[in-house]
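Here is a friendly briefing to read with the structure open beside you. Take a look at the picture, then work through the points below.

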Amino acid sequence: MMMERDSAYEARFKKLLSRLKSMARELPVDYQQRVPYELLYELASSLAQGQIIEIVKTLKEVQHGTEKHLFRNRQTYLQKLSDEKQLLKARNHTAHDLQALESKHAELMKHHNMKLVEQLDSKVEEQQITLEKAGVPGFYKTSKPVEIQVQMYLLDFILRIGEQR
């Protein structure tokens with residue numbers, strides 16, 4: 001019984017490693033160097049043991065929910081600013097007043113967008129920590145764009161493997 005389980009694991013592991021190596025070859029050359037064989041080996045081993053795919057799918061759902069919420073938040077804010085501008089126009093204010101309001105709105109929108117980006121960055125950090133704690137190879141807290149891009153490629157690999165099951 002133990003031998004069957006070991007050989008089933010070994011077969012699953014080899015298939016996963018082969019698939020991951022194939023996916024890694026599809027990456028841009030400068031990123032291929034950042035996804036070494038050892039990382040693919042560890043990832044295949046973790047995937048063969050289970051659970052990682054479900055964790056990543058759940059995090060993807062949470063991410064989509066967060067993005068939708070932030071998008072609606074931004075749309076609501078844009079509408080509020082638009083309503084304020086329409087009210088100013090309806091009251092026949094001067095072109096100078098309108099220009100001043102538009103300038104103020106541009107600054108407010110810039111600030112609002114920065115807050116939304118900070119919230120997304122915070123969500124990325126939470127997910128990195130969750131994946132690291134779950135023992136997913138290649139995941140750790142970082143704010144370096146190149147490292148985040150490598151992690152995004154790894155997430156893509158995991159999700160693509162999950163779809164093939």
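What follows covers aromatic pairs and unusual backbone angles in a predicted model.

A search of the whole structure turns up four aromatic pairs. Two loop residues that are not glycine, Gln 51 and Asn 92, have a positive phi.

**A pair within one helix**
- Tyr 9 and Phe 13 count as stacked because their ring centres are 6.3 Å apart and their planes meet at 15°, under the 30 degrees cut-off.
- These two residues sit four residues apart in helix α1 (residues 2-25), so about one helical turn separates them.
- Tyr 9 is partly exposed, with a relative accessible area of 25%, whereas Phe 13 is buried at 7%.
- Tyr 9 and Phe 13 also belong to one aromatic cluster with Tyr 37 and Tyr 41.

**A pair across the chain**
- Tyr 31 and Tyr 153 make an edge-to-face pair, with 5.2 Å from centre to centre and 70° between the planes.
- This pair links distant parts of the chain, as Tyr 31 lies in helix α2 (residues 29-32) and Tyr 153 in helix α6 (residues 145-164), 122 residues apart.
- Both Tyr 31 and Tyr 153 are buried.

**Positive phi in loops**
- Most residues other than glycine have a negative phi.
- Gln 51, with a phi of about 60°, is found in the loop between α3 (37-49) and α4 (52-90), and is exposed at 61% relative accessibility.
- Asn 92, with a phi of about 55°, is placed in the loop between α4 and α5 (95-133), and is exposed at 68% relative accessibility.

Note on methods. Residues are numbered from 1 along each chain as its sequence is written. This is a predicted model: local features need pLDDT of at least 70, side-chain atom pairs count only at pLDDT 80 or more; totals for chains, interfaces and linings use all residues. Side-chain values use heavy atoms; hydrogens and water are left out. Rings of Phe, Tyr and Trp (its six-membered ring) pair if their centres lie within 6.5 Å; planes under 30 degrees apart count as stacked, over 60 as edge-to-face and the rest as tilted. Buried means under 20% relative accessible area, exposed over 50%, partly exposed in between (1.4 Å probe, protein chains only).
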